[in-house]
Amino acid sequence: MKRTLILIYVLIACIMTEAQPVATPSLNDEIRAVWLTTIGGIDWPRTYATSPATIEQQKRELTRMLDRLKLIRINTVLLQTRIRGTVIYPSSLEPWDGCMSGQPGRSPGYDPLRFAIDECHKRGMELHAWVVTLPLGKWNGAGCRNMRNKYPKLIRRIGEDGFLNPEQPQTGDVIASVCEEIVRKYDVDGIHLDYIRYPDGWKIKVGRSIGREHITSIVRKIHTAVKSVRRNIKLSCSPIGKYEDLSRYSSRGWNAYMGVCQDAQGWLRTGLMDQLYPMMYFKGNQFFPFALNWSENKYGKEVAAGLGIYFLDPHEGNWKIDEVKRQLAICRQYGLGQCFFRAKFLLDNVQGLYDYLRVWNFQDLLSERLGGLPPVPIVAEAGPTAVMPLKITPNASLPFLKNDGRYMQLPSKGQTLDADVLIVRTLTGMAVATLPYRGSQASISHIQPGTYEVRSLNRKGITHRLGFLEIKR
């Protein structure tokens, strides 16, 4: 009887503490995305593909990244596909970028875009082709030089770089043809437009309403081109993170609508866009009220706030992780998805963000697996919990579960245990991982070395302690 009461207490403490769930739309449909940059290989690849061995190494780099992104429940990868008038797939329109082979114009010996799509789909993740629209890179670079040869009247030079002229009608046709080629050749889930706005340094001489129509005309041509191939393709873009000045908060002169002529909310309203990923790389009152503005003007579509997690790196900014935690909480409260810029800072676990997300999204898994059971409270750092520390006294019924540091051997369910989820917790009760309870083993390669308690949990909320797990590597 005493043991039964203890088990009931542990269950209640685990899932019914004072932390209150936020009333939001279903988290199963929430966008959890990342921008995966290929320019210069700053996210991927780190190895040039110049031989069969380096091709395989380049592929392994990506699959390892995707495996780790899957563990924190990333469901959308925005892969930089068109870089600066150059691409990462065999195109009849534009040359290869040098990020894959190390040499602009040279094939890496395989199709990186097709490989990435297949690997994302194997993991249940969407892949959206991220297309940089107007920038063409250095004036004498491969992309800009190719464009100047083909369309000399369309290119404008600003400093050392070239840009497609947004005020020329043919510009929309050029970009639309690239997007259409991608959609015709590949099973991408979306086309994601970047820099679909007036370039920095461009002196806008027309009225802002005319400027917005120039940019909207480009969007309209892309929309027509890709939707004519596949109606269900998702078209999105990454506008400036503040749409316009608010009644109580100024954008400080940097906004989408008046600043660079992006009518992003209008594109949602008129159906030209299916999703938005506004680049909200700000903090404090330069983030929160503008996030609410995006939430209130979704027009039934999807918006995922772009989070500037690169500012967590001391070489990039002076943000602390608490700032990102607050932004994540507000996103979920307002029904916004999240998109992280960029993959490297996420996977490098800067300031413990990756570890935090593993726990933060734990409640999402419970919501999916347990049919709406109240979410587990979010705990990111070690500290006091409602569960007393456990004294390990393994025996025949509560053993240490066998493992080799990569896989844990699972006890047989028998005919009475109907659980389909395992919870791995620290000895102070903090959940660090959830695993599917099926088959004879489960992967634990993503769990840090240490000693843990392993519990089963079924759809009715019944939990059993299966034993302890000691990971050594």
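Modeller: A nonpolar core is a set of buried Ala, Val, Leu, Ile, Met, Phe, Trp, Tyr and Cys residues joined through side-chain atoms within 4.5 Å, where buried means under 20% relative accessible area, exposed over 50% and partly exposed in between (1.4 Å probe, protein chains only). This is a predicted model, in which local features need pLDDT of at least 70 and side-chain atom pairs 80 or more, while totals for chains, interfaces and linings use all residues. Residues are numbered from 1 along each chain, and side-chain values use heavy atoms, without hydrogens and water.

Biologist: Which helix gives the most to the largest nonpolar core?

Modeller: That core has 114 residues, and Ile182, Ile191, Leu193 and Leu346 have the most contacts inside it. A second, separate core of 20 residues includes Met408, Val432, Tyr437 and Val454. With helices (H or I, at least four residues) and strands (E, at least two) taken as DSSP runs numbered from the N terminus, the helix giving the most to the largest core, with seven residues, is α6 (residues 169-185).

Biologist: How many residues apart in sequence are the parts that tyrosine 243 and tryptophan 294 tie together?

Modeller: Their ring centres are 5.9 Å apart and their planes at 65°, so the pair is edge-to-face (centres within 6.5 Å; planes under 30 degrees apart are stacked, over 60 edge-to-face, the rest tilted; Trp counts by its six-membered ring). Tyrosine 243 is buried at 6% relative accessibility, and tryptophan 294 is buried at 0%. Because tyrosine 243 lies in the loop between β8 (234-237) and α8 (264-269) and tryptophan 294 in helix α9 (residues 288-296), the separation in sequence is 51 residues.

Biologist: Which residue pairs with phenylalanine 163?

Modeller: Phenylalanine 163 is in strand β6 (residues 161-164), and its partner, 32 residues apart, is in the loop between β7 (190-194) and α7 (208-229). Both residues are buried. The pair is tilted, at 6.3 Å centre to centre with 40° between the planes, and the partner is tyrosine 195.
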